[in-house]
Amino acid sequence: MATRVEHFSLEGVLPQERERRWEELLSATHFATRVRLTPPGHGGGLFRASVSRIFVDDLTLVDTRCDPCSGVRGRDLVESASAGHVVMTFTHAGRETVTQDGLTGEVRRGDAVAWDSARPTRFQVWEPLAKRSLMIPRRALREVGGPSGPVCGILDGSAASTRLLAGYLELLAGSAEELSAAAAVSARNAALHLVSAALHAGLGRPGPVPAEAALPFPLRRAAVLRWIDRNLTRPGLTPAAVARAHGVSVRTLHRLFEESGETVAGVVRTRRLAGARADLASGAEPVSVIAARWGFADPSHFARAFGTAYGTTPTCYRAGGPARGR
């Protein structure tokens, strides 16, 4: 299955053990973090916390409730992590202060925050908190043209793109256990597109080139991406072929992608692998047939590229191997 649901809480844990157990639980369900309960014992009472975690293919949806506490994810913990994630967090109740990249913001009910797991972070929960976080691997966000640079900031919770994403995650959290493997992949892809839209709008980056004077470049790049998506299964989809289809030189084509730190060939490969990945989850065709459809004539080359992108082989992914839920 492409979805899995887990629930954790500190119910039954001895009071003197709750700080250590909360640190272990946060580190296991989010990212490695050092935690302190503040004030100790929550003003003489018992510190309460719980986490529900839903895996939707390689995305993770986490609902967290906790009493006041603080946490630090220092550079040492960041450098020990194996992969970077972009995290979208929506606050449903309470108040929290978050610091990343030297920027500190207070988050309250209705606010949304985007932050980067690859950067040191501090947080302070001031009131009993309830929040929902979507953890997205960087490589997954690249499939839909998400921001390639650092992601950090408070989003406008009233913006249409942010509200649409929040509403979709609410629906996804309530129906994840009912999704088939193929439906989970589709739900995952829809979430990625909504995240990309919310980030570009909320962080003030409507496209990969923010300067108004360069506006034609983002528009032309978007047109090229749409054309690439329609022709992903076309043989010979090289940068030269893409350039010819748009009446520009290969050099000009490459310039359209420079600001995002991507190459044309890299974009084609990423989107082809994403298409093959969806076919592996939704059908029973031989892996070699799927590989050929998406432009990989050599199955062994396809297996290597798929493993580099997703951390597992095509066969293991189809079988629901350990890496699939991550």
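**Exercise 1. The cavity**

What volume does the largest cavity have? Find its lining too.

*Solution.* This is a predicted model, where local features need pLDDT of at least 70, side-chain atom pairs count only at pLDDT 80 or more, and totals for chains, interfaces and linings use all residues. Residues are numbered from 1 along each chain as its sequence is written, and side-chain values use heavy atoms, without hydrogens and water.

Step 1. Fix the term: a cavity is a set of points on a 1 Å grid over the protein atoms alone, where a 1.4 Å probe fits but cannot get out. Its volume is the space filled by probe spheres set on the points, which are joined across faces, edges and corners.

Step 2. Count and size. The structure holds one cavity of 30 Å³ or more. The largest cavity has a volume of about 350 Å³.

Step 3. List the lining, meaning residues with an atom within 4 Å of a point. There are 23 such residues; closest to the centre are His-30, Glu-96, Trp-115, Phe-123 and Lys-131.

Step 4. Sort by class. The lining has 13 nonpolar, seven polar and three charged residues. Here Ala, Val, Leu, Ile, Met, Phe, Trp, Tyr, Cys and Pro are nonpolar, Asp, Glu, Lys and Arg charged, and the others, Gly among them, polar.

**Exercise 2. The open sheet**

Give the strand order and identify the edges.

*Solution.* Step 1. Use DSSP runs: strands are E, at least two residues; helices are H or I, at least four; both are numbered from the N terminus. Two strands pair if DSSP finds at least two bridges between them.

Step 2. Read the order. Five strands run S2-S5-S10-S7-S8, with antiparallel pairing. Strands S2 (34-37) and S8 (103-108) each have a single partner strand, so one side of each lacks a neighbour in the sheet.

Step 3. Inspect S7 and S8. They pair over six bridges. Val-98 has Gly-105 as its bridge partner, and Arg-95 has Arg-108. Two residues lie between the strands of this hairpin, and Asp-101 takes a positive phi near 55°.

**Exercise 3. Two helices**

How do H9 and H11 pack?

*Solution.* Step 1. Take the geometry. Helix H9 (residues 264-282) and helix H11 (residues 299-310) pack at about 95°, with axes 11 Å apart. Axes are lines fitted to C-alpha atoms over the stretch in contact, and angles run from 0 to 180 degrees between N-to-C directions.

Step 2. Classify. H9 and H11 are therefore roughly perpendicular (65 to 115 degrees).

Terms used
1 Å grid on protein atoms, 1.4 Å probe; cavity = no way out; pocket = protein on both sides within 12 Å on 5 of 7 lines; lining within 4 Å. Parallel < 35°, antiparallel > 145°, perpendicular 65-115°, else oblique.
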